[in-house]
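Reader: I am new to this structure and would like to go through it in short questions. Please show it before we start.

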Amino acid sequence: MPCEMQQRRWEHRYCTMWKSLVAAVALVAAIGSVHAASAVNKDAETRTLVVTEGGSKTDLALAGGETVEFCQNGCFVTLPNGDLEALTGSETVEISGGVARIK
């Protein structure tokens, strides 16, 4: 009888450990799947976005047809028309006809 109880305890511990491991892997996958914001220039000419992230400004020049990822942890973006938008890091900035739209 004591051996059976020990076996059950071991199985319970193993099952609990396995569930914890699966939960940890799922959490890491969810955190790792957070994507950066992306910018798509559907125009033929180069368009520039000004990205402010962590207090520093960077000009992000997108050639015609180019797609880039940026802003993994949130940032501010100045669009080609001068509008300032806050991004969380999951949006897509689509530029078409010289006009930028956040999707």
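Reader: How many salt bridges does a search of the whole structure find?

Author: The model is a predicted one. General background helps here: side chains of opposite charge can pair when their charged atoms come close. Searching the whole structure for salt bridges gives a total of four.

Reader: Which residue meets Asp43 in a salt bridge, side chain to side chain?

Author: Asp43 and its partner are both buried. Their side chains meet with an N to O distance of 2.9 Å. The partner of Asp43 is Arg47.

Reader: Is Arg47 buried or exposed?

Author: A residue counts as buried when its relative accessible area is under 20%. Arg47 has a relative accessibility of 19%, so Arg47 counts as buried.

Reader: What is the distance between the closest N and O atoms of Glu45 and Arg47?

Author: Glu45 is partly exposed, with a relative accessible area of 48%. Glu45 forms a salt bridge with Arg47, and the closest N and O atoms lie apart by 3.2 Å.

Reader: Which residue forms a salt bridge with Lys103?

Author: Lys103 is exposed, at a relative accessible area of 57%. Its partner is buried, at 15%. The closest N and O atoms of the pair are 3.4 Å apart, and the partner is Glu94.

Reader: Which residues are joined into one network with Glu94?

Author: The salt bridge between Lys103 and Glu94 is part of this network. Salt bridges that share partners do the joining, and the residues linked with Glu94 are Lys42 and Lys103.

Reader: Which residue gives the backbone oxygen that the side chain of Asn41 reaches?

Author: Asn41 lies in strand S1 and is buried, with a relative accessible area of 0%. Leaving aside neighbours within four places in sequence, its contacts include Thr46, Arg47, Leu62, Gly64 and Ile95. The side chain of Asn41 reaches a backbone oxygen at 3.3 Å, and that oxygen belongs to Ala63.

Reader: Which residues touch the most other members of the largest nonpolar core?

Author: This core has 16 residues. The ones that touch the most other members are Leu49, Phe70, Val77, Leu87 and Val93.

Reader: Which elements give two or more residues to this core?

Author: The elements that do so are strands. They are S1 (37–41), S2 (47–53), S3 (56–62), S4 (67–70), S5 (75–78) and S7 (92–96).

Reader: Which residues is Val77 in contact with, leaving aside its neighbours within four places in sequence?

Author: Val77 is one of the core residues that touch the most other members. With those neighbours left aside, Val77 is in contact with Leu49, Val50, Val51, Phe70, Asp83, Leu84, Glu85 and Leu87.

How values were computed
Residues numbered from 1 in each chain as written. Predicted model: local features only at pLDDT ≥ 70, side-chain atom pairs only at ≥ 80, totals over all residues. Heavy atoms only, no water. Core = buried A, V, L, I, M, F, W, Y, C linked by side-chain atoms within 4.5 Å. Buried < 20%, exposed > 50% of the residue type's maximum accessible area, 1.4 Å probe, protein only. Helix = DSSP H or I, 4+ residues; strand = E, 2+ residues; numbered from the N terminus. Contact = heavy atoms within 4.5 Å. Polar contact = N/O pair within 3.5 Å; in protein donor to acceptor, adjacent residues only side chain to side chain.
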